[in-house]
Amino acid sequence: HDAANEKVKLARETADNLGVPITVHTYYGKGYKNPRDESRKVCDKDDLYSAISRAGGNPEKDLCSTCQFADTCYAKFQDTLKGDLWIIPSASLTSAPRKITDADIVVIDEEIAPSLVWGVSSVGDESNKPVKVPLTLLERAWKKPDNTSMHRLNDLLTAVLGGLRTPVEAEGKDRHVSLADITLNADEIQEANSLLWQCKKIDIGYEEGDKADDLLQKDNAKYNLELRKLSRLLKELVNAKRKSIEYSGRVKIVHGEDVNLGKYTVAQLCGMKPLSKQILEKPILRIDATLRQEIELEIFPNIEFLDVDIAVETPHMEVVQCPISASKTGVVKLGDDGFNKGKHSRLRKLLHMIEVMQAASPKGSLVITYKGAAKALNKALKEQYSLFFEEGGNILQLHEVTNFKAHRGIDRWNGISRLLIYGRTRPNEESIEQFAMAVTGRYIEHQEYVKEQRGFTMVDGSR
C-alpha cells in the first residue's frame, strides 16, 4: 500500500501538470489500516468477515447489515468513491473488487507470482499455508442440506480415493499423486466438484456477537470448511488432468500420527491462485523488468511478449561489489539482537559502515538487508540519535534502513546519495523447487545444482 499511495500521488501530480481532469484513488484491503483513522482497520471486523466468508456464509448480509461500525466503515466508504484510475495491491487481483472489474484496461506492474502462490511455507496466515485434506472426506456419505443422498457424487469420490491410496512415506515422486492412477477424467472430477457444492450448509450458525474462532467451531461452519478443502483437492486434480500432468506437484500424500487421532493420511496441497475471471477478460498491460516468461504463461496463458530492449543510462552511478560472507543466519539469529557478540559482530561492523556512509551522504542514504537485521539496526540507530529525536529531528527519513522486498515499487529514495545492500535473498534449492511445483502443477525431481560465487551481472557482462 505504501507503493500504491506513492503512485496515486505521482498520478495526481502528473495529471495536474498536464491539465488532465482525472480522479485517482487507492483501493485498500479490509485488513489494512484505515487511512482516515490509523487506530482502526479498513474493515473493523475483517477477521470475522473473512471467517464468515470461508465458512460459506454471506458476510455482507450476516455481518455488515448489523455492524455497529457501518456508518464510519472505510470499506463501505471506498465503495462509494468514483475514480478514473484505481491503484490496488496485486494480491487483490484474485478476488478483484467491482471498481477494478468495471475498468476498461488493467495495468499490472512488477512481479505478481509470489502474491498468488500458496502452500509452499508453514509460516504466514492460514490462507498461505499448505491445505491438508483428510482422505476420510472422500469416504463420507455427502448429502444435500435437505438430507437428500448424493449417490453419483459418492461414487465419483470413491473412484478418486482409489487413485490416492499409497503406502509411501519417504519424500520423493512416489508421494506425489500419479494422475494415471486416477481412472476418472477431468470432466468427471469437475462433475464431482459441482455436485459437492450442492451439499453446502446454507445456515452456518452465525449469531451477532460471535467471534471468528467461535464461529469456525460451529458444526455447519466446520462442515463447510471441510467441503471447501475437498473442493480444492478436486480442483487441483482437474487442473492436472487437463494439462496432462503425469505426477502432480501440487498434491502429495502425507502419512502421520496424532496422540489423540491416531494414524491418519492426508492429501497436502499447494498451488497458485488464479486471477479473477473478470480481470483476465480485460485488456492487460503487463510490466516487469525481471519478468520470467515461463511463469507468466502459467498466469496469463494468452500473453504476448514484446521483444523490446528497455535500458536507462546511469552515468552518475558507481557500483562496488564486495564478495564477503553476509548470510542471513550469520547476521541475526532467532532471539538475538545481533549486537551481543561484542565489538566484532557482523551487525556491529555493518552499523559502523552505515555511520560512515551516512556521513558522506548529504542527500540521504538507504540500507537494504534482511528483515531481522533491519529491525535491529533501526533500533540501534534510533537509540544512537535519541537526543536528535527528542529535539524533533527526522534522521530516519533522511537515512533509512529497510528489508528486502519492502522497498519494491517505492520511489521515494530516488534522490539519495548512496545505497548499501547487505546480503541477498537466496532461497534454498528445495524452496525453489517447491515454488516451481506450485506454479506449474508438475512434480520436479530434486537434483544437485552447480553453485558458483558471483555478483550482479554488469552491463559489460562482468560479474
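# Reading the terms in this model

User: What makes strands 14, 13 and 15 a sheet, and is the pairing parallel or antiparallel?
Analyst: The 3 strands form an open sheet in the order 14-13-15, and the pairing is parallel. Two strands count as paired if DSSP finds at least two bridges between them. Strand 13 and strand 14 share 5 bridges, and 4 bridges join strand 13 (residues 365-369) to strand 15. Both pairings therefore meet the cut-off of at least two bridges. Strands here are DSSP runs of E with at least two residues, helices are runs of H or I with at least four, and both are numbered from the N terminus.

User: What kind of model is this, and how are its residues numbered?
Analyst: The model is predicted, and local features need pLDDT of at least 70, side-chain atom pairs count only at pLDDT 80 or more, while totals for chains, interfaces and linings use all residues. Residues are numbered from 1 along each chain as its sequence is written, and side-chain values use heavy atoms, leaving out hydrogens and water.

User: Which are the edge strands of the sheet, and what makes them edges?
Analyst: They are strand 14 (399-403) and strand 15 (418-421). Each pairs on one side only.

User: Which residues stand opposite each other in strands 13 and 15?
Analyst: Valine 367 stands opposite leucine 420. Leucine 366 has leucine 419 as its bridge partner. Towards strand 14, isoleucine 368 is bridged to threonine 402.

User: What is the angle between neighbouring strands, and which helix lies across the sheet?
Analyst: Neighbouring strands are turned by 15° on average, direction ignored. Helix 14 (residues 346-359) lies across strand 13, strand 14 and strand 15. Helix 14 runs at about 170° to strand 15. Axes are lines fitted to C-alpha atoms, for helices over the stretch in contact (heavy atoms within 4.5 Å). Angles run from 0 to 180 degrees between N-to-C directions.

User: How do you know whether strand 13 is covered or open?
Analyst: Of its 5 residues, 5 are buried. Buried means under 20% relative accessible area, exposed means over 50%, and partly exposed lies in between (1.4 Å probe, protein chains only). Ser365, Val367 and Thr369 cover one side, and Leu366 and Ile368 are on the other.

User: Why is tyrosine 28 called buried, and what is tyrosine 32 called?
Analyst: Tyrosine 28 has 9% relative accessibility, so it falls under the 20% limit and is buried. Tyrosine 32 has 21%, so it is partly exposed.

User: Why is the pair of tyrosine 28 and tyrosine 32 called stacked?
Analyst: Rings of Phe, Tyr and Trp (its six-membered ring) pair if their centres lie within 6.5 Å; planes under 30 degrees apart are stacked, over 60 edge-to-face, and the rest tilted. Here the centres are 5.6 Å apart and the planes stand at 10°, so the pair is stacked.

User: What makes the pair of tyrosine 28 and tyrosine 74 edge-to-face, and which parts does the pair tie together?
Analyst: The planes stand at 75°, with 5.9 Å centre to centre. Tyrosine 28 lies in the loop between strand 1 (24-26) and strand 2 (33-34), and tyrosine 74 lies in helix 4 (residues 74-80), so the pair ties together parts that are 46 residues apart in sequence. At 8% relative accessible area, tyrosine 74 is buried. Tyr28, Tyr32, Tyr74 and Phe77 form one aromatic cluster.

User: How do you know that the charged end of lysine 201 sits over the ring of tyrosine 223?
Analyst: The rule asks for NZ of Lys or CZ of Arg within 6 Å of the ring centre and within 35 degrees of the ring normal. Lysine 201 is 4.7 Å from the centre of tyrosine 223. Arginine 140 lies over the face of tryptophan 142, at 4.8 Å.

User: What makes up the largest nonpolar core?
Analyst: The largest core has 37 residues. A nonpolar core is a set of buried Ala, Val, Leu, Ile, Met, Phe, Trp, Tyr and Cys residues joined through side-chain atoms within 4.5 Å. Leu138, Trp142 and Leu230 are among the residues with the most contacts inside the largest core. Helix 10 gives the most to this core, with 8 residues. A second, separate core of 22 residues includes Leu366 and Phe404.

User: What stands out about lysine 405, and is it buried or exposed?
Analyst: Lysine 405 has a positive phi of about 80° although it is not a glycine. Lysine 405 sits in the loop between strand 14 and strand 15. At 56% relative accessibility, lysine 405 passes the 50% limit, so it is exposed.
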